[in-house]
Amino acid sequence: MIFKCLRAIVVLLLLAATTSYAQTYRILTTEDFQGTPRKMNFAAVAYTNCSISYDYTVKRERGIFRLDFNVSMVMNKHLSWLDKSRIKSPEMLAEVLKHEQGHYAIAYLQQQEVLRTFGRTRFGRDYNIVARQIFDRIDAKYQKLNKAYERETDHMQNRVQQASWDKYLAKYLENMPPLMVGN
C-alpha cells in the first residue's frame, strides 16, 4: 500500500502541466539592421543577430510542478547590420534580405522547437536542470544548422544552394507542428 502511494506521488510530480508563449514569425526589413557594419568580414554584406532565451514560473500544488514558460526570440537590431556601401541595386538588397531572412527563420524554428519540447516535457523536482539540458541540446542543433546554412550558401553567393535552402526553410516553416499551449 505504501509503495503504491509513493509511486502515485512520483507519477504526479512528473505530470506537471506547462503553458508556453511565443511571438509570430515576420519578414525582415532594412529597419531591422541598425548596427554598424564590420569591415573585417569580407564575405558578409549583412549580419543578423537573434537571441533566444527562456524563463518560467513554477507553481507547486500538492506535489505537482506546473511550469509556465516564456521563450523569447529577439531580433537584435543594434547588433544586426547591412553594409549599404556594398549593396549596388534594389535587386541585390532583396537578395541580401532574403538570405538574412534565412538566419531569422532558423532562429524562429529553434524558438518553436524549444517551446514544443518544453510543452510536452513533464518536469519533476529537477525541472531547472532538465529545462537547461533541453535548451542547450536544441541550441546546439540550430547553431550547427545556421553554420551549415552560411557555409553551403557561401554567404548567399551560391545561388543554387541559396534557392535550395530557401525552399527547405519555407517548407519547414509551413509544416511546423503546432505548439501545445496550455496542456
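Buried denotes a relative accessible area under 20%, exposed over 50%, and partly exposed in between (1.4 Å probe, protein chains only). The model is predicted, so that local features need pLDDT of at least 70 and side-chain atom pairs count only at pLDDT 80 or more, while totals for chains, interfaces and linings use all residues. Residues are numbered from 1 along each chain as its sequence is written, and side-chain values use heavy atoms, leaving out hydrogens and water.

**Exercise 1.** Determine whether M156 is buried or exposed.

*Solution.* Locate M156 in the loop between α3 and α4; helices are DSSP runs of H or I with at least four residues, strands are runs of E with at least two, and both are numbered from the N terminus. The relative accessible area of M156 is 6%, so M156 is buried.

**Exercise 2.** Compare the end-to-end distance of α3 with its expected span.

*Solution.* The expected span is 1.5 Å times one less than the number of residues. For the 27 residues of α3 this gives 39 Å, and the end C-alpha atoms are 39 Å apart, which agrees.

**Exercise 3.** State which elements the buried residues of α3 pack against.

*Solution.* First identify the buried residues, among them I134, F135 and Y142. Then look for contacts, meaning heavy atoms within 4.5 Å. These buried residues pack against β3, β4, α2 and α4.

**Exercise 4.** Examine the sign of phi after α3.

*Solution.* Most residues other than glycine have a negative phi. D154, which follows α3, has a positive phi near 50 degrees. H155 has a positive phi of about 55 degrees, and M156 one of about 75 degrees.
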